[in-house]
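The following report looks at charged side-chain pairs and at one residue of a helix, and it is best read with the structure at hand.

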Amino acid sequence: FQQYCPEQLLRPGDDVAIANVVLLFTDLKGSTSMYEALGDGAAYNLVRDHFDYLTNLIERHGGVLVKTIGDAVMAVFAEPDEGVRAALEAQMGIGDFNQGRADGGIVLKVGLHQGPCIAVTTHDHLDYFGSTVNVAARIQGESAGDDIVISDALMAASGVREAFAAAGVGPLEAETAEL
């Protein structure tokens with residue numbers, strides 16, 4: 001079996017589970033021009049500060065930062081409403097984050113999606129794979145910045161509409177995009 005179907009075997013030390021999770025992806029709008037304008041050191045300091053900002057609020061909402069990818073963030077949440085609340089807090093607090101910064105601050109692009117994916121633990125590091133992850137990343141790619149883009153699957157989840165209402169956000173706009 002190992003010789004003919006190696007793709008169905010785990011490496012020693014790998015643990016795999018199928019999980020239904022909420023995935024949050026963020027990215028910085030205009031980061032290439034930001035690096036050109038500020039220089040590498042100052043731009044990196046801004047990116048690092050934004051990682052700290054997002055990590056703290058992700059954890060406050062019961063989420064886990066999975067990884068950073070360039071200046072992007074991937075996080076997971078068990079509860080749909082908490083993922084949305086973290087996204088709302090990130091966008092609503094970005095003005096405070098940017099206030100008084102000599103580097104001009106950031107514009108955050110945010111996307112969320114929910115569904116089953118493969119959760120893999122390798123060398124004490126948890127990561128997620130599968131179509132749900134790919135869709136979540138593409139949904140974030142639809143964000144123009146200063147907004148939150150979420151999938152229909154997540155919008156239909158319990159507590160999500162209430163999270164938007166509690167934040168005073170509205171009206172919500174439905175859009176269609178080919179991912």
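Leu-57 counts as buried, its relative accessibility being 1%, and in this predicted model the residue is found in helix 2. Leaving aside residues up to four places away in sequence, Leu-57 touches Ala-86, Glu-89 and Ala-90. The C-alpha atoms of Leu-57 and Lys-109, by contrast, are separated by 16 Å, and these two residues stand 52 residues apart along the chain.

One of the residues that Leu-57 touches, Glu-89, also takes part in a charged pair: Glu-89 forms a salt bridge with Arg-60, in which the closest N and O atoms are 2.1 Å apart. Arg-60 lies in helix 2 and Glu-89 in helix 3, which spans residues 80-92, so the pair ties together parts that are 29 residues apart in sequence. Arg-60 counts as exposed at 55% relative accessibility, whereas Glu-89, with a relative accessible area of 27%, is partly exposed.

How many salt bridges does the count come to? The count comes to five salt bridges, and the table lists three pairs, including the one just described.

| Salt bridge | Closest N and O atoms |
|---|---|
| Asp-49 and Arg-101 | 2.8 Å |
| Arg-60 and Glu-89 | 2.1 Å |
| Arg-101 and Asp-103 | 2.9 Å |

Side chains of opposite charge can pair when their charged atoms come close. The side chains of Asp-49 and Arg-101 meet in such a salt bridge, with 2.8 Å from N to O. Asp-49 lies in helix 2 (residues 40-60), while Arg-101 lies in the loop between helix 4 (94-98) and strand 4 (108-122), so this pair ties together parts that are 52 residues apart in sequence. Both partners have intermediate accessibility: Asp-49 is partly exposed, with a relative accessible area of 26%, and Arg-101 likewise counts as partly exposed, at 22% relative accessibility.

Which residues are linked with Arg-101 in a network of salt bridges? Arg-101 also forms a salt bridge with Asp-103, where the closest N and O atoms are 2.9 Å apart, and Asp-49, Arg-101 and Asp-103 are thereby linked in a network of salt bridges.

Taken together, helix 2 holds the buried Leu-57 as well as Arg-60, whose partner Glu-89 lies in helix 3, and Asp-49, whose partner Arg-101 lies in the loop between helix 4 and strand 4.

Definitions and conventions:
Residues numbered from 1 in each chain as written. Predicted model: local features only at pLDDT ≥ 70, side-chain atom pairs only at ≥ 80, totals over all residues. Heavy atoms only, no water. Salt bridge = Lys/Arg side-chain N within 4 Å of Asp/Glu carboxyl O. Helix = DSSP H or I, 4+ residues; strand = E, 2+ residues; numbered from the N terminus. Buried < 20%, exposed > 50% of the residue type's maximum accessible area, 1.4 Å probe, protein only. Contact = heavy atoms within 4.5 Å.
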